[in-house]
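Here's a quick briefing on the model below. Have a look at the structure first, then work through the bullets by topic.

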Amino acid sequence: QMQAFGGGLVQPGGSLRLSCEASGSFSSINQMGWWRQAPGKQREWVAIIGSGTNTKYAESVKGRFTISRHNAENTVYLQMNSLKPEDTAVYYCYAVYMLSIYWGQGTQVTVSS
């Protein structure tokens, strides 16, 4: 089970930190990451982190978002800085474990003045 936290309302230029914990019988999770879905749009990939420290970001968030993970706690984080109104979306975390993908329930991020 994946549980995401940290969403909310923030003004443009502000910051939020999302976290997502994989609870249950997980060990040595492979890839973890975040996707997001804005109203009326398809879900889009945001950031990925491998089992080590290798990371990849969507062009739209590169330089503003930072993904990290705590392997011992099976937790993935997304630090979001310089937020823009177009970052408004429901953010979903996921983990790849034993060739299966596990999704979190989503957390709403709203960037508005």
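Six is the number to start with: 6 bridges tie strand S3 (residues 16–22) to strand S8 (residues 75–80), and the two run antiparallel. Strands here are DSSP runs of E at least two residues long, numbered from the N terminus (helices would be H or I runs of at least four), and two strands count as paired if DSSP finds at least two bridges between them. Keep in mind that this is a predicted model, where local features need pLDDT of at least 70, side-chain atom pairs count only at pLDDT 80 or more, and totals for chains, interfaces and linings use all residues. Residues are numbered from 1 along each chain as its sequence is written, and side-chain values use heavy atoms, with hydrogens and water left out.

**The sheet around S3**

- Within the S3–S8 pairing, Cys 20 has Val 76 of S8 as its bridge partner, and Arg 17 sits opposite Gln 79 in S8.
- S3 also pairs with S1, again in the antiparallel sense, over 4 bridges; there, Gln 3 stands opposite Glu 21 of S3.
- Put together, 4 strands make an open sheet ordered S1-S3-S8-S7, with antiparallel pairing.
- Strand S1 (2–5) and strand S7 (65–70) are the edge strands with a single partner strand each, so one side of each has no neighbour in the sheet.
- On average, neighbouring strands in this sheet are turned by 15° against each other, direction ignored (axes are lines fitted to C-alpha atoms, for helices over the stretch in contact, and angles run from 0 to 180 degrees between N-to-C directions).
- As a reminder, strands of a sheet pair through backbone hydrogen bonds, either parallel or antiparallel.
- S3 has two faces: Leu 16, Leu 18, Cys 20 and Ala 22 are on the covered one, while Arg 17, Ser 19 and Glu 21 are on the uncovered one.

**Salt bridges**

- The count comes to 4 salt bridges, taking a salt bridge as a side-chain nitrogen of Lys or Arg within 4 Å of a carboxyl oxygen of Asp or Glu.
- Arg 36 pairs up with Glu 44, with the closest N and O atoms 2.6 Å apart.
- Arg 36 is buried at 5% relative accessibility, whereas Glu 44 is partly exposed at 34% (buried is under 20% relative accessible area, exposed over 50%, partly exposed in between, with a 1.4 Å probe and protein chains only).
- Arg 36 also meets Asp 87 in a salt bridge, at 3.0 Å from N to O.
- That pair links distant parts of the chain: Asp 87 is in the loop between S8 and strand S9 (89–97), and Arg 36 is in strand S4 (residues 32–37), 51 residues apart.
- Asp 87 is buried too, with a relative accessibility of 0%.
- Elsewhere, the side chains of Glu 59 and Lys 62 form a salt bridge at 2.7 Å, N to O; Glu 59 is exposed at 63% and Lys 62 partly exposed at 46%.
- Arg 36, Glu 44, Arg 64 and Asp 87 are joined into one network by salt bridges that share partners.

**The chain as a whole**

- The chain has 0 helices and 11 strands.
- Its radius of gyration is 13 Å, which agrees with the value near 13 Å for a compact globule of 113 residues (taken over C-alpha atoms, with the globule rule being 2.2 Å times the number of residues to the power 0.38).
- Along the principal axes, the C-alpha atoms fill a box of roughly 40 × 25 × 20 Å.
- Of the 113 residues, 42% count as buried.
- Among contacts with a separation of 6 or more, residues 24 or more positions apart account for 52%, where contact means heavy atoms within 4.5 Å.
- About 6100 Å² of the chain is exposed, and carbon and sulfur atoms supply 49% of that area (Shrake-Rupley method, 1.4 Å probe; for residues, only the protein chains shown count as cover).

**Met 98**

- Met 98 lies in the loop between S9 and strand S10 (100–103), and counts as exposed at 65% relative accessibility.
- From Met 98 to Glu 21 is 17 Å in space, C-alpha to C-alpha, and 77 residues in sequence.
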